[in-house]
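Subject: Handing over a structure, with notes on what was found

Dear colleague,

I am passing the structure below on to you, and my notes follow it. Please keep the two side by side as you read.

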Amino acid sequence: MVDALKKMGKISRKGPVVLVIMDGVGFGKYKEGDAVAAALTGHLNKLYKANPWTKLKAHGLAVGLPSDDDMGNSEVGHNAMGCGRVFSQGAKLVNNSIETGAMFEGTTWNKLVANVKTKASTLHFIGLLSDGNVHSHIDNLKAMIVQAKKDGVAKVRIHALLDGRDVGEVSALEYFDPFEAFLASLNDASFDARIASGGGRMVITMDRYNANWNMVRKGWETHVLGEGRMFEGAHQAIETLRKESKAIDQDLPPFVIAKDGKPVGTIEDGDSVILFNFRGDRALEITKAFEAQELAEFDRKRHPKVEYAGMMEYDGDLHVPSQFLVTPPAIDKTIAEYLCASKVRQFSISETQKFGHVTYFFNGNKSGKFDDKLEEYVEIPSDIVPFEERPWMKCAEIADRVIKEVESGKWDFIKLNFPNGDMVGHTGNFQAVVCSMEGLDLQIGRIHKAVMEAGGVMVITADHGNADDMFEHGKDGSVQYKENGDPKSKTSHSLNPVPCIICDSNYQGEYESELKTGLGISSIAATCMNLLDFEAPAEYDPSIITMR
Ligand SMILES: O=C(O)[C@@H](CO)OP(=O)(O)O
Ligand SMILES: [Mn+2]
Ligand SMILES: [Mn+2]
């Protein structure tokens, strides 16, 4: 337990501090493809004019990723905002564990390997096949396969999900083809490694926050049961399904690789299974499908007895999965824990797609509350639709509830996540993203009015960029075009900084009106604490405001 925070005795506001996280809304580097700049955002424009604001770093080293070439993402962004510091994140910890050899000396790796050796069974890998470094990295998978061969494993099967969301939207073959060549170079009389199944990450396996368990059911049927459309190889499957469905990678239908009508790699009793994604939100459901004795969410038809391990521990409260290869960052002393110790009443809300971002990620990948009496979490159910068709998503419903809670006077600190810029940004549909930003802006205006009337403070920020960078650009900055003359869509996050605007209803000059510059989003935590009249803990990254 942490100690209560020390009161500063400098700031007193009647209303709550309301932290608004606009998921995936950064400051674009290029005019073309910047859907944030292209949108009519009358409210935000006014707020920039009338209030102090600054830019915050939200990618690379500033959020604990291996390098500044790594774009930010929701996990590392919300972790940083939630704990006020920067921890080395999964991407980096897994690299280290492989480089130092710690992973392969660990008990979990050795147990899974010994299991398939004694039973002459199969070692399976399931995960996202790309170098996106948000959920996984293909190099980690390759290193594990090389080691498996060294350790005497005879048979390996890979269940590979197409990305197209953290990397180019139709880039799968750039990963699958060299990967198959890599497997071919390892295969010999003693070693047999093959891709066994696959599909788009937004169609099978990688659902999150219980939004759509049907995806997990389909993933189970594809990877475990080997049920589904059969192909001779992954290349052929991807080419055929692309032609037929016109889908971009993340939405590609599932496929099973078969020989003579028989799937080459179903998951059977006695096998070992490694989920090689390191990030937890989209790993928890498939993990549950493997680990749960009873599963209410769907009928597994067959539940093989396997040794299952995740790349990391995905939930630090519930200790899921029970076996994992790399210990996650020890994110502790989060803002929610400090505020609970200081008797601050807190309300958190988003819609399903981002609900865990303001709870689980914000609390350092722990799903539980710190204090039931002081905290309330509200989830507005997300629609199961292509978000380019409903770009407003649930932002009005989120705002309705926030306004009600602001007016109730029940809370000191309210935090919310608006998914629009990010979830619609990932579709690559520029017009829809512009619309999503305009819908979001209307709700920002409503919440702003309510917070100002209640005498509170509104802090508007984001976890990383996305909507600000919707076209592919070449190294020289020029827009890349498709054959038909349309700009190539960019579905992934950006490397851009994000805003931090502080709208204070009753500013009395208690802090400098100029905000600090050059900071990262981890500084949001200390800033909110200061605005709640608390000194931030010494180990926290500096507040954006300078107290007078
Ligand atoms: O959808 C997701 O899983 C990621 C992109 O891989 O986006 P975010 O980090 O914004 O949740
Ligand atoms: Mn995000
Ligand atoms: Mn995203």
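Before the pockets are described, one convention is needed: Ala, Val, Leu, Ile, Met, Phe, Trp, Tyr, Cys and Pro count as nonpolar, Asp, Glu, Lys and Arg as charged, and the others, Gly among them, as polar. Please also bear in mind throughout that this is a predicted model.

With that convention, the second largest pocket has a lining of 10 nonpolar, 6 polar and 8 charged residues. These 24 lining residues include Met202, Asp251, Val385, Pro386 and Phe387, which lie nearest the centre of the pocket, and the space inside comes to about 560 Å³. Domain 1 (17–88 + 330–454 + 483–507 + 519–531) and domain 2 (91–326) each contribute at least three residues to this lining.

The largest pocket has a volume of about 1100 Å³, and of the 34 residues that line it, Gly168, Glu472, His473, Lys490 and Ser492 lie nearest its centre. By class, its lining is made up of 8 nonpolar, 12 polar and 14 charged residues. Where does the largest pocket lie with respect to domain 1 and domain 2? Because both domains give residues to its lining, the largest pocket lies between them.

Turning to enclosed spaces, the count comes to 2 cavities of 30 Å³ or more. The largest cavity, with a volume of about 90 Å³, is lined by 14 residues, and those nearest its centre are Arg165, Arg208, Arg279, His426 and His493. Its lining divides into 1 nonpolar, 5 polar and 8 charged residues, and since domain 1 and domain 2 both give residues to that lining, the largest cavity lies between them. The second largest cavity has a volume of about 50 Å³, and the residues lining it include Glu75, Gln89, Phe278, Tyr314 and Asn365. In this case the lining consists of 5 nonpolar, 3 polar and 2 charged residues.

Two of the residues named for the largest cavity, His426 and His493, appear again at a metal site. The manganese ion (ligand 3) has as its protein donors Asp422, through two entries marked OD, together with His426 (NE2) and His493 (NE2), at 2.1 to 2.4 Å from the ion. Why is the arrangement around the manganese ion (ligand 3) called irregular? The 6 donor atoms subtend angles of 57 to 168°, and this spread makes the arrangement irregular, given that six donors count as octahedral only if opposite donors are over 155 degrees apart and all others between 65 and 115. Along the sequence, the donor residues of this ion follow the spacing D-x3-H-x66-H. Asp422 lies in helix H15 (residues 420–425) and His493 in the loop between strand S15 (457–461) and strand S16 (498–504), so the pair ties together parts that are 71 residues apart in sequence. Both Asp422 and His493 are buried.

The manganese ion (ligand 3) is separated by 4.4 Å from the manganese ion (ligand 2). For the manganese ion (ligand 2), the protein donors are Asp23 (OD), Ser74 (OG), Asp463 (OD) and His464 (NE2), lying 1.9 to 2.1 Å from the ion, and their spacing in sequence is D-x50-S-x388-D-H. Ser74 in helix H3 (residues 74–83) and Asp463 in the loop between S15 and S16 form a pair that links distant parts of the chain, 389 residues apart. Are Ser74 and Asp463 buried or exposed? Ser74 has a relative accessible area of 2% and is therefore buried, and Asp463, at 0% relative accessibility, counts as buried too.

Finally, some notes on the backbone. Most residues other than glycine have a negative phi, and most peptide bonds are trans. The peptide bond from Val320 to Pro321, however, is cis, with omega near -5°, and Pro321 is found in the loop between strand S10 (307–312) and strand S11 (324–326). Asn210, although not a glycine, has a positive phi of about 55°; Asn210 sits in the loop between strand S5 (192–200) and helix H9 (213–225) and, at 53% relative accessibility, counts as exposed. Lys343 is likewise not a glycine and has a positive phi of about 60°; Lys343 belongs to the loop between helix H12 (335–341) and strand S12 (346–351) and is exposed, with a relative accessible area of 60%.

With best wishes

How values were computed:
Residues numbered from 1 in each chain as written. Chains lettered and ligands numbered in written order. Predicted model: local features only at pLDDT ≥ 70, side-chain atom pairs only at ≥ 80, totals over all residues. Heavy atoms only, no water. Donors = N, O, S within 2.8 Å, 3.2 Å for Na, K, Ca; no water. Tetrahedral: all angles 85-135°; square planar, octahedral: opposite > 155°, others 65-115°. Helix = DSSP H or I, 4+ residues; strand = E, 2+ residues; numbered from the N terminus. Buried < 20%, exposed > 50% of the residue type's maximum accessible area, 1.4 Å probe, protein only. 1 Å grid on protein atoms, 1.4 Å probe; cavity = no way out; pocket = protein on both sides within 12 Å on 5 of 7 lines; lining within 4 Å. Points joined across faces, edges and corners; volume = space filled by probe spheres on them. Domains from an automatic or database assignment.
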